[in-house]
Amino acid sequence: MSARTTGFVARSCTALLAAGLIAAVTAPPAAAVPEYTTAESGNPFVDGWYADPDVAVYDDTYWVFPTTSRAYREQTKLDAFSSRDLVHWTRHSDVLTTEDVSWAEYAVWAPAPVERNGTYYLYFAANDIQSDSALGGIGVAVSDRPEGPYKDAIGRPLIAQFHNGAQPIDQDVFIDDDGQAYMYFGGWGHANVVKLNPDMTSLGTFPDGSTYKEITPADYVEGPQMFKRGGKYYLMWSEGGWTGPDYSVSYAMADSPTGPFTKLDKVLAQDPAVAKGSGHNSVINVPGTDVWYIVYHRRPLSETDGNHRQLAYDRMYFNPDGTIRRIQMKVRDDFTDGNALGWKTYGGSWTSSGGAYRAGGSAGGKALLDTNFGDVTQEADVTVSARGGDAGLTFRVTAPAVGTDSYRGYYAGIGADGTVVLGRVDNSWTPLRTVRVPIAPGSRHKLRVTAVGPALKVYVDDMRTPKISVTDATFTSGANGVRVFNTPATFDNVAVGPAT
């Protein structure tokens, strides 16, 4: 329709509305673009031990398909998670099981979802084959719904042998703008790319007649992921050992989906203050925008079991030349998702509801994140319900246990009687400073602490001028959390990060 015709239609509709000859129709509001700095309702963003997430966007819904991170022989089923806002997630259990794949027994890994012509495909690895004589490799299952159930499409592995030294695992499927589908895969330090035929269940060939092209970049271990932005092809992959803290993500850029791929940088690695073993990623691009997220698994700092991995996502930004900025694992929780995943409580009663974290009155109940910050800025919105007690932030915490002062670290709180208190705790309470401020029961206040070496500062509402500033070098690092003392309280918009 031309601009001239569009203007005519608009004027005609306006006249008819004015004459009362047609009814006004209110268009439904457009869905808000999920543009966050991280998983602002908290990482992990779903409950349970999961790894190797791959993603898809089907219509207006985001889907995450991960490995179920259990003991080796128990990895026989796959779950999926869906969300329309990247905040509230629905679990879809057993979308694919070994009962649906005659040749698969265990080690069902790294599902890769894609849709084509109304059919949903789920590529997966099974049996962790160690040689060409073993049965297993990369399979493909199909369904008429994103949530499955998925059934084996061809009754055998699609890729059943090693090629160019690559173990057939960790597949990722990418459909280019011209409609050609590619699969990237490979473990044991080698990566291959193959073409998928239009049926998505058989392999094509390249112009030179080959089927498997090796594209291994420097330091590659496993977990390839392909995406396209601004006409450039981005290959990401995992390095290091999957059970170790050195597991990480690097990337390359190319002008072709088959490379060559030259390593540019390591963009995601462990943060000893936040999590370790961060790798095997995928990426989400919010449709119609240049908003991107990296979705990956990581291991909590206090966990030593290799399979204790969790799903997380953080924002991914690009430089003007298209290169990817190094990714910061941020610590946020606004409790909008209605849960408190990643928090561990020590005494008291704790619930996440109404977009906040709520604590009943107790003699020192606390909730901690599995972090280990030294120099730190930590803040939250705190509402103290009753006079006679206080509530606030704990930081540099070690050796936590149930009990009023059963931990080592620092605590900064506000009381509804108009006090701000900072103290040191070593299984006993040592006040460091108390000041008076106007605080009333039920009023909400932003509380912030900064700790840089021995310099400790407490801010209330005014984030420019500290209410308390002291020097104490007793504790140097530890976990972060929230605490109540003899009053119910509500916490919201928790954020923890490097000192600013």
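Strands, such as the β24 considered below, are DSSP runs of E of at least two residues, numbered from the N terminus. The structure described here is a predicted model, and its open pockets, its enclosed cavity and its nonpolar cores are taken in turn.

The second largest pocket, to which β24 gives the most lining residues, with four, has a volume of about 470 Å³. Its lining is made up of 28 residues, and those lying nearest the centre are N43, P44, Q310, G342 and D370. Two or more lining residues are given to this pocket by each of β18 (292–299), β20 (331–333), β21 (343–346) and β24 (363–373). When the lining of the second largest pocket is divided by class, twelve residues are nonpolar, seven are polar and nine are charged.

The largest pocket has a volume of about 670 Å³, and 24 residues line it, with V55, A56, V57, V173 and F174 lying nearest its centre. The elements that give two or more residues to this lining are β1 (50–58), β5 (109–116), β9 (172–175), β13 (222–229) and β17 (276–285). Of these, β1 provides the largest share, which amounts to five residues. The lining of the largest pocket consists of 16 nonpolar residues, together with two polar and six charged ones.

As for enclosed space, one cavity of 30 Å³ or more is counted in the model, and the volume of the largest cavity is about 60 Å³. The residues that line this cavity are D52, P53, D54, A110, P111, D170, Q171, D172, P224, Q225, H280 and N281. Among the elements, β1, β5, β13 and β17 each give two or more residues to the cavity lining, and these four strands are also named among the elements that give two or more residues to the lining of the largest pocket. The largest share of the cavity lining again comes from β1, here with three residues. By class, the lining of the largest cavity divides into four nonpolar, four polar and four charged residues.

With regard to the buried nonpolar side chains, the largest nonpolar core contains 60 residues, and within this core the residues with the most contacts are F227, M236, M316, I324 and F491. Another core, of 19 residues, lies apart from the largest one, and includes Y36, F81, V291 and Y313.

Conventions: Residues numbered from 1 in each chain as written. Predicted model: local features only at pLDDT ≥ 70, side-chain atom pairs only at ≥ 80, totals over all residues. Heavy atoms only, no water. 1 Å grid on protein atoms, 1.4 Å probe; cavity = no way out; pocket = protein on both sides within 12 Å on 5 of 7 lines; lining within 4 Å. Points joined across faces, edges and corners; volume = space filled by probe spheres on them. Nonpolar A, V, L, I, M, F, W, Y, C, P; charged D, E, K, R; others polar. Core = buried A, V, L, I, M, F, W, Y, C linked by side-chain atoms within 4.5 Å. Buried < 20%, exposed > 50% of the residue type's maximum accessible area, 1.4 Å probe, protein only.
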